[in-house]
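Q: Got a minute to go through this one with me? I'd like to talk about the packing and the charged pairs.

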Amino acid sequence: MKFAESDILNAGILIVDDQEVNVSLLTQMLQEAGYTSVASTMNPHEVCALHRKNRYDLILLDLQMPGMDGFQVIEALKTNDADAYLPVLVITAQPGHRLRALQAGAKDFVSKPFDLVELRTRIHNMLEVRLLYKKLENYSKVLEQTVRERTAELRESEARYRSLTELASDWYWEQDAGGSFTKVSGPVLEMLGIQVDGLRGPANGAKVAGWNEAERDLLQATIAARQPFLDFIFSRVNADGSQQRFQVSGEPMFNESSRFIGYRGIGVELAARK
């Protein structure tokens, strides 16, 4: 992934060196190269606070400083939980310090006296990596937020659906993959002629007198085939000769792996007539 040159030149850079001449040289070099956001400090104790405030894309860090050397600065920077990528390029005159600095967490090094062409190249390359890391980090945050928002939308939609179901139906039912009822309200159990332990209904799947068995058998066959059904009409004749009619709708349920896990449905009583 390539970034526009302006993105790199606008990156935030902090120079940390106790020698004013080095700070001036690095600042002039960066400004002449077109970098627009260059800051500096000669006090290593200020680095962590400055970085927490400004979130620099690159810290040019001298290792040999009195009071607090560059290794101590690197260790202190690691305590900043908001920055998993430590954007430190160390500057050292000691060959033995290079490996130690990289092991401590620095991302690259430049030897003193530094070659300006090499330094500019290393800075440019490191900023490209830093900006890519930030882009990926931001993308992950956006993706995570999108997932949270979508999950909230789905939960809200399900809540609305269930609310409408309660308003629009006389009863609601759910079955698991084995045909056992896991949730039920109203006369659905006796209509389907199925008994479930712990739920009211006719015992041992006994038929209930008065129901139109052809209608019920047709619905059971539809459920067995895992097919949805809409506005299916049930009817029964009561002992007093009155007729009741029910309208039911249902759909099979599948999990994220497309495995069948049961059925759910709703129903309303349409009318009762003599």
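Q: Let's start with the charged residues. Is R122 buried, exposed or partly exposed?
A: R122 is partly exposed, with a relative accessible area of 26%. Keep in mind that this is a predicted model.

Q: Which residue does R122 form a salt bridge with?
A: E118, and the closest N and O atoms are 2.9 Å apart. E118 is partly exposed too, at 33% relative accessible area.

Q: How are E118 and R122 placed in helix α6?
A: They're four residues apart in α6, so about one helical turn separates them.

Q: What about a pair that links distant parts of the chain?
A: Take R264 and E251, with their closest N and O atoms 2.7 Å apart. R264 sits in strand β10 (residues 260-273) and E251 in strand β9 (residues 243-254), 13 residues apart. R264 counts as partly exposed at 23% relative accessibility, and E251 is partly exposed at 32%.

Q: How many salt bridges does the count come to?
A: Seven. Another one joins E75 and K78, where the closest N and O atoms are 3.1 Å apart. E75 is partly exposed at 43% relative accessibility, and K78 is partly exposed at 41%.

Q: Which residues are linked in a network of salt bridges?
A: D57, R130 and K134.

Q: OK, changing topic. How many helices and strands are there in the chain?
A: Eight helices and 10 strands. The chain has 274 residues, and buried ones make up 37% of them.

Q: And contacts along the chain: what share joins residues at least 24 apart?
A: 53%, taken among contacts between residues at least 6 apart in sequence.

Q: Now the inside. Which residues touch the most other members of the largest nonpolar core?
A: L60, L89 and I123, out of 23 residues in that core. The elements giving two or more residues to it are α1 (5-9), β1 (12-16), α2 (20-32), β3 (58-62), β4 (88-92) and α6 (116-168).

Q: Which of those gives the most?
A: α6, with five residues.

Q: What is I123 in contact with, leaving aside its neighbours within four places in sequence?
A: M29, L30, Y35, L58, L60 and L89. There's also a second, separate core of 20 residues, including C48, Y56, M68 and I74.

Q: C48 is in helix α3, right? Which residues of α3 are buried?
A: Yes, α3 covers residues 47-54, and V47, C48 and H51 are buried there. Seen down the helix axis, the buried residues of α3 fall within an arc of 95 degrees, so they line one face of the helix.

Q: What do those buried residues of α3 pack against?
A: They pack against β1, β2 (37-41), β3 and α4 (70-77).

Q: And what follows α3?
A: R55, which has a positive phi, near 45 degrees.

Q: How about helix α5, which residues are buried in that one?
A: H97, A101 and A104 are buried in α5, which runs over residues 96-104. They cover an arc of only 60 degrees around the axis, which puts them on the same side of α5.

Q: What's exposed on the other side of α5?
A: L99 and Q103.

Q: What covers the buried residues of α5?
A: The cover includes α4 and β4. Just after α5 comes G105, with a positive phi of about 130 degrees.

Q: Last topic, the surface. Which residues make the nonpolar patch of about 310 Å²?
A: Y139, L143 and V147 make that patch. V147 is in helix α6, and V147 counts as partly exposed at 48% relative accessibility.

Q: And what does the accessible surface of the chain come to?
A: About 15600 Å², with 52% of that belonging to carbon and sulfur atoms.

Conventions
Residues are numbered from 1 along each chain as its sequence is written. This is a predicted model: local features need pLDDT of at least 70, side-chain atom pairs count only at pLDDT 80 or more; totals for chains, interfaces and linings use all residues. Side-chain values use heavy atoms; hydrogens and water are left out. A nonpolar core is a set of buried Ala, Val, Leu, Ile, Met, Phe, Trp, Tyr and Cys residues joined through side-chain atoms within 4.5 Å. Buried means under 20% relative accessible area, exposed over 50%, partly exposed in between (1.4 Å probe, protein chains only). Contact means heavy atoms within 4.5 Å. Patches are made of residues with over 30% relative accessible area and no salt bridge: like charges are joined within 9 Å, nonpolar side chains (Val, Leu, Ile, Met, Phe, Trp, Tyr) within 5 Å. Accessible areas come from the Shrake-Rupley method with a 1.4 Å probe; for residues, only the protein chains shown count as cover. A salt bridge is a side-chain nitrogen of Lys or Arg within 4 Å of a carboxyl oxygen of Asp or Glu. The arc is that of the directions from the helix axis to the C-beta atoms.
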